[in-house]
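Subject: Structure handover

Hello,

Here is the structure I said I would pass on. My notes on what turned up follow below it.

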Amino acid sequence: MIGRTFAAYMTRKFTGAVTGTFFGTFGLVLIVDFVEQLRRVEDSSRAPTQLVALLALYRVPAFIEVVLPFAVLIGAMLCFLGLSRKLELVVARAAGLSAWQFLAPALVVAALIGVAAATIYNPVASDFRERGLQLESRLFGRAYGSDSRNDFWLRQATDSGQVVINAASASDRGRRLAGVTALVYGSDNHFQRRIDAEAADLNDGYWLLHKVRITPVNAEPNNHDTYRLPTQLSAEQVRQAFVMPEQVSFWELPQFIDLARKSGLPSARFELQYQLLLARPLLLVAMVLVAAAASLRFARLGGLGRTILGGVVAGFLLYVGSELAGNLGRSNLVPPVLAAWSPAFIGALMGFMVLLKQEDG
């Protein structure tokens, strides 16, 4: 009975701490991003304040998804430190409960948060990210159309040769491009002309370019309001090439991976994103174990500052390791499954070993 009651109490305390940390981070990032978007409005053209606020709201969920492991880490440390400072953990130990018994509810909640983050929160964040890109392009135009420029490349074959397309940003699932540059080559692979356009929309069998400047070889540039650039690419193939994995929801990723394999396109980025989402519950469990290793020490023994700093540093190193493994996976240097799961598994194993040494000697 005592174990069941304390488990419910621990579940409530841990959930409250993590939820408070999450929404506190969400609110702080929302305010900072809203101020940044207002500055960008002043630097470019005027835009309604409510649209700027909506843009900030669209952008924040995707960023919070990245820092979710840190929210769980900080929330878990706050929870355990509060229980230790109030001697509640001492009372629990005196009642015959081990550290593993009062850690179990937190681990279960962390795993459930990871499942919800992958299956529910990620699709919402992906949809908001797509809406944010569309609204950002509408408000700020080409100059503010993407998070990083020169990031999207595509090569397409036509009856008359090949075309290499570069876009500063892609929205509407790859159907609309902004900041477009197309390099047109003939059937003999000789460069023919360069086409610059403010935007491009994918239609059946052609790209419709807007506000176009065409620069042929050894000729003067000429401008057009619109221009049709033939293409044999399907909408799904274009979406595969131009959409970032973070813009694809958890439920759509298997379809993307299958399409890439059938089309002969590289699928490592999407496979890695899918495996990272599958490994999210284990990563959050690892963060709880790291927090517990740093926070379950009796508060009156002293040295808590160094212990807490060690926990934060360990969580940061785990995050850096995840990013490093992710980059190796995106580069096809290691399999996506290994790149996604190894940091979470190693972090959970290290936290478990430290706790085992602390509690059982």
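To start with one pair, Gln156 stands opposite Val163 in E2. Strands here are DSSP runs of E with at least two residues, helices are runs of H or I with at least four, and both are numbered from the N terminus. Two strands count as paired if DSSP finds at least two bridges between them.

Before the rest, a word on the source. This is a predicted model, in which local features need pLDDT of at least 70 and side-chain atom pairs count only at pLDDT 80 or more, while totals for chains, interfaces and linings use all residues. Residues are numbered from 1 along each chain as its sequence is written, and side-chain values use heavy atoms, with hydrogens and water left out.

Overall

The protein chain has ten helices and six strands. Of its 361 residues, 44% are buried; buried means under 20% relative accessible area, exposed means over 50%, and partly exposed is in between (1.4 Å probe, protein chains only). Among contacts with a separation of 6 or more, 61% are between residues 24 or more positions apart, where contact means heavy atoms within 4.5 Å.

The sheet

Strands of a sheet pair through backbone hydrogen bonds, either parallel or antiparallel. In this model six strands form an open sheet in the order E1-E2-E3-E4-E5-E6, and the pairing is antiparallel. Strand E1 (152-158) and strand E6 (222-230) are the edges, each pairing on one side only.

E1 is joined to strand E2 (residues 161-171) by seven bridges, and the two form a hairpin with two residues between them. Besides the pair named at the start, Trp153 has Asn166 in E2 as its bridge partner. The covered face of E1 consists of Phe152, Leu154, Gln156 and Thr158, and the uncovered face of Trp153, Arg155 and Ala157. Gln156, the residue opposite Val163, is therefore on the covered face, and Trp153 is on the uncovered one.

Val163 can be followed further across the sheet, as it stands opposite Val184 in E3. Ten bridges join E2 to E3. Val184 in turn has Arg193 in E4 as its bridge partner, and nine bridges join E3 to strand E4 (residues 191-203). E3 and E4 form a hairpin with four residues between them, and Asn189 in that turn has a positive phi of about 65°. Strand E3 (residues 176-186) has eight of its eleven residues buried, so the rest of the structure largely encloses it.

The cores

In soluble globular proteins, nonpolar side chains tend to be buried together. A nonpolar core is taken here as a set of buried Ala, Val, Leu, Ile, Met, Phe, Trp, Tyr and Cys residues joined through side-chain atoms within 4.5 Å. The largest one has 45 residues, of which Phe6, Phe14, Ile64, Val72, Phe80, Phe102 and Val288 touch the most other members. Two or more residues each come from H1, helix H2 (49-85), helix H3 (88-94), H4, helix H8 (280-295) and helix H10 (336-360). H8 gives the largest share, twelve residues. Leaving aside neighbours within four places in sequence, Val288 is in contact with Phe14, Val72, Phe80, Ala106, Leu107 and Ala110. A second, separate core of 21 residues includes Ile165, Ile195, Ala200 and Leu202.

Aromatic rings

There are seven aromatic pairs. Rings of Phe, Tyr and Trp (its six-membered ring) pair if their centres lie within 6.5 Å; planes under 30 degrees apart are stacked, over 60 edge-to-face, and the rest tilted. Phe22 and Phe23 have ring centres 5.3 Å apart and planes at 85°, so they are edge-to-face. Phe22 is buried at 16% relative accessibility, whereas Phe23 is exposed at 55%.

Phe22 also forms an edge-to-face pair with Tyr121, at 6.0 Å centre to centre and 80° between the planes. Phe22 is in helix H1 (residues 2-43) and Tyr121 in helix H4 (residues 99-140), so this pair ties together parts 99 residues apart in sequence. Tyr121 is partly exposed, at 22% relative accessibility. Ring pairs link Phe22, Phe23, Phe26 and Tyr121 into a cluster.

Regards
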